[in-house]
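User: I am new to reading structures. Can you walk me through how two chains meet, and then through a strand?
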Amino acid sequence: MNIGTGKCYLAWATDEKTREKGSSGGFVSAALAAALDKGVVERVLVLKKHDVFKGIPTVTSDPKEVLDCAGALHMTAINLAKYVDSDVRIALPAKPCDARGVIERAKRNQVNLDNVYMIGLNCAGTMHPVKARKMVKEVYNLDPNAVLSEEISKGKLILKTSEGEKSIKIDELERQGYGRRDACKYCDINVPKMTDLACGNWGVPRGRKATFVEVLTEKGREIFKNAVDAGYVECEPASDKSIEIREKIDQAMKKLAHEWHEKLFEPINKLSDSERLEYYINAFAGCTGCGACKKVCPVCPCGDDAKCTMTEFQSEVHRIRMFNMIRLLHLMDSCIGCGRCEDVCPAGIPLTMIHMRFTERVQKKLDYVPGIDMKKPPFFETELKEVQK
Amino acid sequence: MQAGGGVKEFVPKIVVFCCNWCSYAGADMAGVSRMQYPPNIRIIKVMCSGRIDPIFVLMSFMEGTDGVLVTGCHIGDCHYINGNYKTQNRFEILSEMMNELGLEKERLRLEWISATEGEKFANVVKEVVEQVKKLGPSPLKPVIE
Ligand code: SF4
Ligand code: SF4
Ligand code: FES
């Protein structure tokens, strides 16, 4: 079949095992494996399952290993962007925030985008592994270590143990304070249009084990065509109805995200300017200066010797640590709201929400959304040519 | 409290960043022409306003200044071609950050001052000192001074 950019397809892995294991037809794993097999890329970056709460970012050149990693891990919170080494051609499955991280890193010359093939995954959110374990114990009444696999289907989180399966609605979990990470609840970018192929199960007719695939770039077309030619994948054009349903789900998720945004930001939104200063001083008072938030941040290109860690002297008299101030400053234009900093902060500071408050101001004012395309440089960069008229 | 027993009047401390070629010369000009301006400022001279990392400004506030005035050559006059374009970009971001943090925006100001504008320098300093005086001490002053 002729595969074209800008078109939508339903696709599935030809190998039955991959199809079963994958969360929607196994297309992504099959396409990644095919790309390795036929030399379209030299490496693939995948999340290797340790258990349902832990995935280990792994760079591999073995198609078999890629197929073994089929299936989503919803109860891990990893951003793959930091692990992309683009010295060689590399492909990765990318949630919207992974992809945005990669693009922001490319703007900072940390990644060569020409060498990166991103197979985008629709994403409605992930869960924090520590909270998820607690949830399994308290809400599901299961031993977290006994959970063999998990799946999200029709708004329910289904956990499988050797004794059977148990499913609870995610809405219900969130009512009880569990469920997705806050950053995911208010993230409104669910379909990764900034990648090469956008894949997911939205728009797939009921009862079909297939992946809805939108071909976004020439590179995406290459990966897709290669997978079909190599016999890893079969496909058919997506019907107008499928496309419409996918769009509808996306819009509904966006709306939900905006509602969450309003709800979760309310405690800061309602403050006056001076109250806000107090809020920030108090929030950051708990910071231990461990540096974890910087370490995991996909858009921070610094290594260990960075300005923010070097100006730490005298911090005990400062109202807010210079470390935090510098991170706020440096992320003014670039925080993609991935939520990783909040995930790892031992002091429980709502870092992502705080960063988003700062970032959204600039984004609105300068009509700039980070991690979407390469067109606009980061704001701190001034181009010489613009001055030498 | 002062020795006299009266309440000590608030004397704001203002950090002024000047570039070597224009605004510092402007400050010089103000001095040479014997123009009066308040003595509350501490001038930090850098070669070009493009050298002023916004971190310098943050650090000034954290260390207890009540206001910061950033100055440089007029746009197009920077002696390093585009240093002040950078300053402008950074300033835009930095002032947004200060707004979000909840610091009064009058505490931070950017002005282009040429070597001949001694009067402008004196006037800007006067204005900044007055405004900051009205606002009172910076809420970001260190816990122990
Ligand atoms: S600051 Fe936090 S939320 Fe923003 S990009 Fe970095 S890790 Fe993600
Ligand atoms: S992770 Fe939290 S405690 Fe550690 S440096 Fe960042 S803000 Fe501070
Ligand atoms: S030399 Fe004055 S701003 Fe660059």
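Analyst: We start with the contact between the chains and end with one strand. Keep in mind that this is a predicted model.

User: How many residues does each chain bring to the contact?

Analyst: Contact counts heavy atoms within 4.5 Å. Here chain A gives 37 residues and chain B gives 28 residues. Together the two chains bury about 3,200 Å², with 68% of it on carbon and sulfur atoms.

User: How many salt bridges cross the interface of chain A and chain B?

Analyst: Look for a Lys or Arg side-chain nitrogen within 4 Å of an Asp or Glu carboxyl oxygen. The rule finds six across this interface. Lys307(A) and Asp53(B) form a salt bridge, at 2.4 Å from N to O. Polar contacts between chain A and chain B come to eleven residue pairs.

User: Which helices of chain A supply at least two residues each to the side that touches chain B?

Analyst: Helix 10 (273-285), helix 13 (322-330), helix 15 (351-366) and helix 16 (384-387) each do. On that side of chain A, 19 residues are nonpolar, seven are polar and eleven are charged.

User: Now the strand. Is strand 3 of chain B mostly covered or uncovered?

Analyst: Buried means under 20% relative accessible area. Strand 3 (residues 67-72) is mostly covered, with six of its six residues buried. One side holds Gly67(B), Leu69(B) and Thr71(B), and the other holds Val68(B), Val70(B) and Gly72(B).

User: Which strands of chain B are joined to strand 3?

Analyst: Strand 1 (residues 14-19) runs parallel to strand 3, with four bridges. Val15(B) has Val68(B) as its bridge partner. Strand 4 (residues 108-112) also runs parallel to strand 3, with five bridges. There, Thr71(B) partners Glu111(B).

Key:
Residues are numbered from 1 along each chain as its sequence is written. Chains are lettered from A and ligands numbered from 1 in the order in which they are written. This is a predicted model: local features need pLDDT of at least 70, side-chain atom pairs count only at pLDDT 80 or more; totals for chains, interfaces and linings use all residues. Side-chain values use heavy atoms; hydrogens and water are left out. Buried area is the accessible area (1.4 Å probe) that two parts lose on being put together, summed over both. A polar contact is a pair of N or O atoms within 3.5 Å; within protein, one must be able to donate a hydrogen and the other to accept it, and residues adjacent in sequence count only if both atoms are side-chain atoms. Ala, Val, Leu, Ile, Met, Phe, Trp, Tyr, Cys and Pro count as nonpolar, Asp, Glu, Lys and Arg as charged, and the others, Gly among them, as polar. Buried means under 20% relative accessible area, exposed over 50%, partly exposed in between (1.4 Å probe, protein chains only). Two strands pair if DSSP finds at least two bridges between them.
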